[in-house]
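Hello,

Here is the structure I promised to pass on to you. Please have a look at it first, and then read on for my notes.

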Amino acid sequence: MDVIFKIATSDDVANIIELCNLCFFEETNIDYAKRIFEETKNDTNQIYLVGMIDGKTISHAKITVIPTIYEKMNTYAI
């Protein structure tokens with residue numbers, strides 16, 4: 001069974017929220033999440049990633065790219 005990873009789109013938001021609400025006892029409203037996703041989807045420093053098996057979302061990660069003013073630290077992601 002292969003996990004397919006892809007950058008999330010607005011079509012993935014409801015599945016992301018349902019997964020996190022279930023796994024982490026979150027209570028995030030899907031409409032709220034969709035609004036925030038739309039506001040930030042063009043920000044290249046914020047990336048949502050989903051893992052899928054047979055078209056079903058089974059994992060999610062948020063990657064935030066952080067540029068800094070520190071030479072040795074430079075740019076990193078969390």
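Below is what I found, going from the helices to the charged pairs and then to the surface.

Please keep in mind that this is a predicted model.

Let me begin with helix α1, which runs over residues 13-24. Its 12 residues should span 16 Å at 1.5 Å a residue, and the C-alpha atoms at its two ends are indeed 16 Å apart, so the expected and the modelled values agree. Which residues of α1 are buried? They are Val 13, Ala 14, Ile 16, Ile 17, Leu 19 and Cys 20. These buried residues pack against α2, β2 and β3, the last of these being residues 56-67. Just after α1 comes Phe 25, which has a positive phi, near 55 degrees.

A little further on you will meet Glu 27, in the loop that links α1 to α2 (30-40). Glu 27 has a relative accessible area of 77%, so it counts as exposed. Its C-alpha atom is separated by 8.7 Å from that of Ile 17, a residue 10 positions away along the chain. Ile 17 itself belongs to the buried set of α1.

Next, the aromatic rings. The count comes to 1 aromatic pair. Its members are Phe 37 and Tyr 48, with ring centres 5.6 Å apart and planes at 55 degrees, so the pair is tilted. The cut-off matters here, because only planes over 60 degrees apart would count as edge-to-face. Phe 37 sits in helix α2 and Tyr 48 in strand β2 (residues 46-53), so the pair ties together parts that lie 11 residues apart in sequence. Are these two residues buried or exposed? Both Phe 37 and Tyr 48 are buried.

Now for the charged side chains. How many salt bridges are there? The count comes to 3, and I went through them in turn.

- Asp 12 and Lys 6 meet through their side chains, at 2.7 Å from N to O. Asp 12 is buried, with a relative accessible area of 5%, whereas Lys 6 is partly exposed at 29%.
- Glu 39 pairs with Arg 35, and their closest N and O atoms are 3.2 Å apart. Both residues lie in helix α2, 4 residues apart, or about one turn of the helix. An α-helix has 3.6 residues a turn, so residues three or four places apart point the same way. Glu 39 is exposed, with a relative accessible area of 53%, while Arg 35 counts as partly exposed at 43%.
- Lys 41 bridges to Glu 38, with 2.7 Å between the closest N and O atoms. Lys 41 is partly exposed at 43% relative accessibility, and Glu 38 is partly exposed at 38%.

Last comes the surface. Which residues make up the nonpolar patch of about 600 Å²? Ile 69, Tyr 70, Met 73, Tyr 76 and Ile 78 form it. Ile 78 is found in the segment after β4, a strand of residues 75-77. With a relative accessible area of 62%, Ile 78 is exposed.

If you would like a place to start, try Phe 37 and Tyr 48, the tilted pair, and then turn to the nonpolar patch that includes Ile 78.

Best wishes, and enjoy looking around!

Note on methods: Residues numbered from 1 in each chain as written. Predicted model: local features only at pLDDT ≥ 70, side-chain atom pairs only at ≥ 80, totals over all residues. Heavy atoms only, no water. Patch = residues over 30% accessible without salt bridge, like charges linked within 9 Å, V, L, I, M, F, W, Y side chains within 5 Å. Areas by Shrake-Rupley, 256 points an atom, 1.4 Å probe, with all protein chains shown as cover. Salt bridge = Lys/Arg side-chain N within 4 Å of Asp/Glu carboxyl O. Buried < 20%, exposed > 50% of the residue type's maximum accessible area, 1.4 Å probe, protein only. Phe/Tyr/Trp six-rings, centres within 6.5 Å; stacked < 30°, edge-to-face > 60°. Expected span 1.5 Å × (residues − 1). Contact = heavy atoms within 4.5 Å.
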